[in-house]
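Reader: I have a model open on my screen and would like to learn how to read it. Could you walk me through it step by step?

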Protein chains: 2
Amino acid sequence: MVDRVVPDVIVSRLPVYLRALQFMQMQAVTTTSSQDLGSKVNISAAQIRKDLSQFGEFGKQGTGYNVEALIAHLEKILQVEKVWDVAVIGMGDMGHALTRYGGFLNRGFRITDCFDNDPAKIGSQAGQYIIKDVADIGKGDCLRGKMVMLCVPAAAAQKIANKLVECGVKAILNYAPVHLSVPADVRVQYIDPVIGLQRMAYYLHEKNE
Amino acid sequence: MVDRVVPDVIVSRLPVYLRALQFMQMQAVTTTSSQDLGSKVNISAAQIRKDLSQFGEFGKQGTGYNVEALIAHLEKILQVEKVWDVAVIGMGDMGHALTRYGGFLNRGFRITDCFDNDPAKIGSQAGQYIIKDVADIGKGDCLRGKMVMLCVPAAAAQKIANKLVECGVKAILNYAPVHLSVPADVRVQYIDPVIGLQRMAYYLHEKNE
DNA sequence: ATAATATTGTGGAAATAATCACAAACTCGC
DNA sequence: GCGAGTTTGTGATTATTTCCACAATATTAT
């Protein structure tokens, strides 16, 4: 394996592999194969082997992969062996739901700060967090190096994204249903349930009602 | 344009175009071009034109596209000119957040039913909905032809998915952080914030703390 | 009218991604 | 220790996707 840029499409599959492997681990499975893992994530065995070969040789012929070891490798590759601090911006229903979600910590993330622009919310408690003022984002470099989950209304998203970029945020998980324009060195991942539903609606044959 | 199967990758971009166009419409923009739209969704102009050419000729040389007309075409193509009934299964924080989200209706969807397995929740009111018993999903064909947003814990997701498949559900928006095994004619879209965060963590250079 | 400018739709080229297929290496049972 | 059965990692092939470039057509300015 020579040192070259790994295609995005491969990187994007690694978390899926990791999730499946951790699920196996929870069920006390110690060993798997590209075949087995592939059947569990609906990806061909060859594809999985090719993907992993970008980063090293983690398997053993005849046996397959040690689940725990492969998890460790993937966590290292994805840089989630340690825990990243993440801020939530916008404490509506979605922001609140995220703060109450228990699934972050054991997968490499922890929410450290919550922000909103509503004076009624600022200073109030949301679970273990005290909601801070969005206006304070610019002050200090409280967000530098952090990742952000952006849960504000569509109309406010771009403006806040600009501010985040200024503050040195390099990764935004965007729940607002709009495209964000950011510099090339800032990553954005989009979560919009309607996009998901529309992608499926195309394939449905009968309409309801 | 001849009648052929449209690649998934193209279909998956159409909702993104549609969302951007509706955003333009909201701002009273009447006309756009592949160039302009492309800059707003970070996709090349040529790509957009090629994608649209799969379905017909919607633009005018020299002018570009009429926003309203292109929206109408895309809605037709995606089958979201009318409104699909969607059920929410699992009324935890995420399920509740979805029922309170106002962004579905004008994009082709409406929540009609909510289910949970917690006796304390069944029968109670959640906004305008009365929470039904998950055990009743099998009874009647209340879900036939519907789409489902699945918001149950990971451990329960596959079991419920199986039940949904039996009931004739053909589209599942899965919020549970597990892969679902379903027949080939059932579509699944995944929403897992951690997958999104991990995909970005790979590219980050400095670790926090 | 004409020239300058803008934009589409698309054939073909280039780039990227997925799949195939197999030598090499390991395990297991006897 | 040997043969049958597994499984990896990868070079080569095939398939898919993206990009380029341009003729055709429309708009705008003068």
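Reader: Which atom of DNA strand D does a polar side-chain atom of B:Gln61 lie 2.8 Å from?

Author: Happy to start there, with the reminder that this is a predicted model. To read a polar contact, look for a pair of N or O atoms within 3.5 Å. Here, the partner of the B:Gln61 side chain is a sugar or linking oxygen of DNA strand D, at 2.8 Å. A base nitrogen of this strand lies 3.3 Å from a side-chain N or O atom of B:Arg49. The backbone takes part too: an N or O atom of A:Gly59 is 2.9 Å from a phosphate oxygen of DNA strand D.

Reader: Which elements give two or more residues to the surface near DNA strand D?

Author: They are α3 of chain A, along with α1 (8-26) and α3 of chain B. The largest share, four residues, is supplied by α3(B).

Reader: How many residues are around DNA strand D, and which come nearest?

Author: There are 26, and the nearest are A:Ser34, A:Arg49, A:Tyr65, B:Arg13 and B:Gln61. Looking from the DNA side, 65% of the strand D atoms within 4 Å of the protein belong to sugar and phosphate. Sorted by class, the surface near this strand holds 13 polar, eight charged and five nonpolar residues.

Reader: Now for the other strand. What surrounds DNA strand C?

Author: Use the routine you have just practised. DNA strand C has 26 residues around it, with A:Gln61, B:Ser34, B:Arg49, B:Lys50 and B:Tyr65 the closest. Of its atoms within 4 Å of the protein, 64% are sugar or phosphate, and the rest belong to bases. Both chains offer an arginine side chain to base nitrogens of strand C: a polar atom of B:Arg49 lies 2.7 Å from one, and a polar atom of A:Arg49 lies 3.3 Å from one. B:Gly59 places a backbone N or O atom 2.9 Å from a phosphate oxygen of strand C. Among the elements, α3(A) gives the most to the surface near strand C, with four residues.

Reader: Away from the DNA, which residues have the most contacts inside the largest nonpolar core?

Author: A nonpolar core is read by following buried side chains that touch one another. The largest one here has 102 residues, and A:Phe109, A:Met147, B:Phe109 and B:Met147 have the most contacts inside it. Try clicking on A:Met147: leaving aside neighbours within four places in sequence, its contacts include A:Trp84, A:Phe109 and A:Ala171 from chain A, and B:Leu197, B:Met200 and B:Leu204 from chain B.

Conventions:
Residues numbered from 1 in each chain as written. Chains lettered and ligands numbered in written order. Predicted model: local features only at pLDDT ≥ 70, side-chain atom pairs only at ≥ 80, totals over all residues. Heavy atoms only, no water. Core = buried A, V, L, I, M, F, W, Y, C linked by side-chain atoms within 4.5 Å. Buried < 20%, exposed > 50% of the residue type's maximum accessible area, 1.4 Å probe, protein only. Contact = heavy atoms within 4.5 Å. Near = heavy atom within 4 Å. Polar contact = N/O pair within 3.5 Å; in protein donor to acceptor, adjacent residues only side chain to side chain. Nonpolar A, V, L, I, M, F, W, Y, C, P; charged D, E, K, R; others polar.
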